[in-house]
Amino acid sequence: AIVNTNPEVNTISCNFSHIGDAGLETLCEQILFEDDEKNSADLHTLSMGACDLTDSSMSSIVNVLSRKESALKHIYLMGNKGISDTGAMQLASALTNNKTLDCIWMGLNSVTLTYQKECSRKTNGRIVFLPEDQLDVWQRLGWDKSAMIAEKTKITEGDAFS
């Protein structure tokens, strides 16, 4: 069990762990299991920055968001170049029925400007795409500036998935 062993846990952060789609799927299955067992703490934040996620894993997040009793307020998906227009629109569609999540934070991904605007419009601003040139904003969100620069360099050089 991830959360129910410590009911004080309200944040899961796997930033820079590169757990990939399979890791996120397992994590989301555990969150849903704990919800079913009524043992989960009030998990408010799921931070999955630079985890090598792709569009394929967005369905796992959609499943969590579709739960009526989900306590999630914030999801951080920054630094996942494998998330494109398709994945962003999956999340935007899920948010139309979810009333508890405040915001999904994204950036340093592969979502085009057109779809960034569409996702923001469709969700009334609940999906936020931070520009990569605003590292000070990223830092205020708890991201280490040097780690972000290193991750940006990896992504720019094409090494992010090697």
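In this predicted model, the buried residues of helix α3 are covered by several elements, among them α2, β4, α4 and β5. Helix α3 is mostly covered, with eight of its 11 residues counted as buried. The buried positions are Asp85, Gly87, Ala88, Met89, Leu91, Ala92, Ala94 and Leu95.

The setting for this helix is a chain of six helices and five strands. Followed along the sequence, these elements come in the pattern β-α-β-α-β-α-β-α-β-α-α. Of the 162 residues in the chain, 43% count as buried. Contacts reach far along the sequence: taking those with a separation of 6 or more, 81% join residues 24 or more positions apart. The chain exposes about 7,900 Å², and carbon and sulfur atoms supply 48% of that area.

It is helpful to turn next to the nonpolar interior. In soluble globular proteins, nonpolar side chains tend to be buried together. Here the largest nonpolar core has 33 residues, and Met48, Ile61, Ile75, Leu77, Ile104, Met106 and Ile127 are the members with the most contacts inside it. At least two residues of this core come from each of α1 (20-36), α2 (58-65), α3, β4 and β5 (127-129). The helix that opened this account, α3, gives the most to the core, with six residues. A second core, separate from this one, has five residues and includes Met78, Cys103, Trp105 and Leu130.

Leu77 offers a good view of the packing in the main core, being one of the residues with the most contacts inside it. Setting aside residues up to four places away in sequence, Leu77 touches Met48, Leu53, Met58, Ile61, Ile83, Leu91, Ile104, Trp105, Met106 and Gly107. Among these partners, Leu91 is a buried residue of α3, while Trp105 belongs to the second core.

Trp105 also takes part in the one aromatic pair of the structure. Its partner is Tyr76, and the two rings are stacked, with 6.2 Å from centre to centre and 10° between the planes. Tyr76 lies in strand β3 (residues 74-76) and Trp105 in strand β4, so the pair ties together parts that are 29 residues apart in sequence. Both rings belong to buried residues: the relative accessible area is 12% for Tyr76 and 19% for Trp105. The value for Trp105 still counts as buried because the cut-off is under 20% relative accessible area.

Two asparagines in loops add a polar side to the picture. Asn80 sits in the loop between β3 and α3 and is buried, at 0% relative accessibility. Its side chain reaches the backbone oxygen of Leu77 at 3.0 Å, and a polar atom of the Asn80 side chain lies 3.1 Å from the backbone nitrogen of Asp52. Beyond its neighbours within four places in sequence, Asn80 is in contact with Met48, Gly49, Ala50, Cys51, Asp52, Leu53, Leu108, Asn109 and Ser110. Two of these names, Met48 and Leu53, also appear among the residues that Leu77 touches.

Asn98 lies on the other side of α3 in sequence, in the loop between α3 (85-95) and β4 (103-106). Asn98 is likewise buried, with a relative accessible area of 3%. The side chain of Asn98 reaches the backbone oxygen of Leu65 at 2.9 Å and the backbone nitrogen of Thr100 at 3.0 Å. Apart from neighbours within four places in sequence, the contacts of Asn98 are Leu65 and Arg126.

Charged pairing is the last topic. Side chains of opposite charge can pair when their charged atoms come close. A search of the whole structure finds one salt bridge, formed by Arg121 and Glu118, whose closest N and O atoms are 2.5 Å apart. The two residues are three positions apart in helix α4 (residues 113-122), which means that about one helical turn separates them. Arg121 counts as exposed, at 54% relative accessibility, whereas Glu118 is partly exposed, with a relative accessible area of 28%. The helix that carries this pair, α4, is one of the elements covering the buried residues of α3.

Definitions and conventions:
Residues are numbered from 1 along each chain as its sequence is written. This is a predicted model: local features need pLDDT of at least 70, side-chain atom pairs count only at pLDDT 80 or more; totals for chains, interfaces and linings use all residues. Side-chain values use heavy atoms; hydrogens and water are left out. A salt bridge is a side-chain nitrogen of Lys or Arg within 4 Å of a carboxyl oxygen of Asp or Glu. Helices (H or I, at least four residues) and strands (E, at least two) are DSSP runs, numbered from the N terminus. Buried means under 20% relative accessible area, exposed over 50%, partly exposed in between (1.4 Å probe, protein chains only). A polar contact is a pair of N or O atoms within 3.5 Å; within protein, one must be able to donate a hydrogen and the other to accept it, and residues adjacent in sequence count only if both atoms are side-chain atoms. Contact means heavy atoms within 4.5 Å. A nonpolar core is a set of buried Ala, Val, Leu, Ile, Met, Phe, Trp, Tyr and Cys residues joined through side-chain atoms within 4.5 Å. Rings of Phe, Tyr and Trp (its six-membered ring) pair if their centres lie within 6.5 Å; planes under 30 degrees apart count as stacked, over 60 as edge-to-face and the rest as tilted. Accessible areas come from the Shrake-Rupley method with a 1.4 Å probe; for residues, only the protein chains shown count as cover.
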